[in-house]
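Here are a few exercises to work through with the model open beside you. Try each task before reading its solution.

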Amino acid sequence: MNLLTVENISKSFGELVLFSDISFGINKDQKIAFIAKNGSGKTSILNILSGKDTPDTGQVNSRKGIRISFLEQEPDLDPNLTIEETIFASDNEVLKVIRNYEKALARPEEEDAYQKAFEAMERFDAWDFETQYKQILSRLKLDDINLKVNLLSGGQKKRIALANALINRPDLLVLDEPTNHLDLEMIEWLEQYFAKENITLFMVTHDRYFLERVCNEIIELDNGQLYSYKGNYSYYLEKKEARLEQEATEQHKSKLLFKKELDWMRKQPKARTTKSKSRIDDFQDIKEKASKRRTEHQVQLEINMERMGSKILELHKISKSFPNKPILDKFEYNFLKGERIGIIGKNGTGKSTFLNILTGKDEPDSGKVIIGDTIKFGYYTQAGIKIKEGQKVIDVIREFGDYIPLMKGRQISAQQLLERFLFDRKKQYDFVEKLSGGERKRLYLCTILIQNPNFLILDEPTNDLDIVTLNVLESFLLDFPGCLLVVSHDRYFMDKIVDHLFVFRGKAEVEDFPGNYSDFRAYEDSTEQENKTAKEKSGDNKNQKNTWKEENTANKLTFQEQKEYKQLEKDIQKLETKKSALQNMFLDPSLSGEEISKLSIELTEINNAIDLKSERWFELADIRDN
């Protein structure tokens, strides 16, 4: 059943044409993702679908009586209302029935009012609905429903808007980056909720695991053309690659045909037969096809990274807390060259505070942060770029100089650098406030990288970036030779670029987990299953004999041993790196006898540690392989 049809819509702002003659339809139970580059008008299309904006040309026809809910990136909520009042302010009739019932409960002396409210609950079958909406509020951590909106963070406001959208049970739910500002636990819950519910979705999201597991169709706007793919993200990637190959083949054929027809035209045949006139008319179509070019360019990231010395960053017994909220308790860690660490944890566990302490934007309550002399931080914060009124894109880069140094002694102009970040000459003279959210993030990323950091700290870098830019950023970070510390809820991104995790579990508990996010989820799921199985079997298996299966698996690694095995590999690698650095220090002819003695003792300790860890690694490897 068709719910909504978009017919030949167009939208432009002055000379900037976002899109033109776009047409598609949305049917019941479809879960559609809309993919396009930053600045292509994705948010404008969502605003048009939801009725917040109108197209310049064309029309949107929706089925009579359907309810559409729209989750915006930056929800517009009444700051004077509480969370509860915001939720009950919607047009949902069942919510009004529930509200009247709760008011009647608060006034038990008014028996008639209570009876009417009770009957209304029965008539609208509101009992299950009440349970469901309270579960949604609980899942989104909106427990204190008496808090006023003006006291909430941006993330909490987004969660209220999401709760409203889900509770209202619309016929069509339009979502603009639904996973932004949600922690990983909430994202996984929302993913499961959408996957199992019979709900019609049209969304813009950069979360590729979300696309993979929720969507059953992807619509892509590419170079002004719409392409539809009836499948999930993996299917889309496969079919898009095939389409691009086909386009390249057709382009090559068109060029050969154009060359042939051009030779014929140059001969200027005298006989103007009907056939030749027709061929002349067709020449213009062939010429247009042959000259058609893809305007797709990739961001080119290239920096002249500052040299990194042997001392990187040392944290000595760092403690930090806020009233009734401990963040860190005597946390210690020494960063090594080339480390790539991801940070995960629920909202409010102190991830951003931790980054601010490392970079000196915040002070620990106790402990020391020792930064190596050669370390230069590049800190990409959630706040993003600071917009100055009347400032143009080119002016932002020129604050760092008219010419920017690159690798191997080369340099490029500010204009050339912006072109590498997909800002053409015309776009460079646009005002920053006119850029889309994704374009601002891309410009901000440019300002961070041109300062040539050797220790990158990225706090939610994937928000608002399009998938093309994300893929290029990932490729750059994989080749980045310095240290990398990333806070992100993008599971695909984390899996691709980090080696191990700092897991912020709350109450100052921080765990160093050896692996990426998928490894961590597998470990958590395994632990939960083991605990559940242990509880089920407790007291019942004391006198049971081992089965053949238990005997067969007795010599295999437990999950804890697997975790230890992976950690040992990392520890040995770190120790070998440190050993190599120490050995190089012996080459310094200016070393005194006392310094040589100290280095020798340290080198002996490292060799002993390598031997000890290697011995344990071989024990576990032997168990695993037998």
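A polar contact is a pair of N or O atoms within 3.5 Å; within protein, one must be able to donate a hydrogen and the other to accept it, and residues adjacent in sequence count only if both atoms are side-chain atoms. This is a predicted model, where local features need pLDDT of at least 70 and side-chain atom pairs count only at pLDDT 80 or more, while totals for chains, interfaces and linings use all residues. Residues are numbered from 1 along each chain as its sequence is written, and side-chain values use heavy atoms, with hydrogens and water left out.

**Exercise 1. Place asparagine 168 and describe its surroundings.**

Step 1: asparagine 168 sits in the loop between helix 6 (154-167) and strand 6 (172-176); helices (H or I, at least four residues) and strands (E, at least two) are DSSP runs, numbered from the N terminus.

Step 2: a polar atom of its side chain lies 3.0 Å from the backbone oxygen of asparagine 164.

Step 3: beyond residues up to four places away in sequence, asparagine 168 touches Arg67, Ser69, Ser90, Asn92 and Leu95, contact meaning heavy atoms within 4.5 Å.

Step 4: with a relative accessible area of 13%, asparagine 168 is buried (buried is under 20% relative accessible area, exposed over 50%, partly exposed in between; 1.4 Å probe, protein chains only).

**Exercise 2. Is asparagine 180 buried or exposed, and which side chain does its own side chain meet in a polar contact?**

Step 1: look in the loop between strand 6 and helix 7 (184-196).

Step 2: the relative accessible area of asparagine 180 is 3%, so this residue is buried.

Step 3: its side chain makes a polar contact of 3.4 Å with the side chain of aspartate 464.

Step 4: threonine 462 is 282 residues away in sequence, yet the C-alpha atoms of threonine 462 and asparagine 180 are 9.2 Å apart.

**Exercise 3. Find where aspartate 21 and histidine 181 lie, and compare their exposure.**

Step 1: aspartate 21 belongs to strand 2 (residues 16-27) and has a positive phi of about 55°, although it is not a glycine.

Step 2: aspartate 21 counts as exposed, because its relative accessibility is 53%.

Step 3: histidine 181, in the loop between strand 6 and helix 7, also is not a glycine and has a positive phi of about 75°.

Step 4: at 26% relative accessibility, histidine 181 counts as partly exposed.
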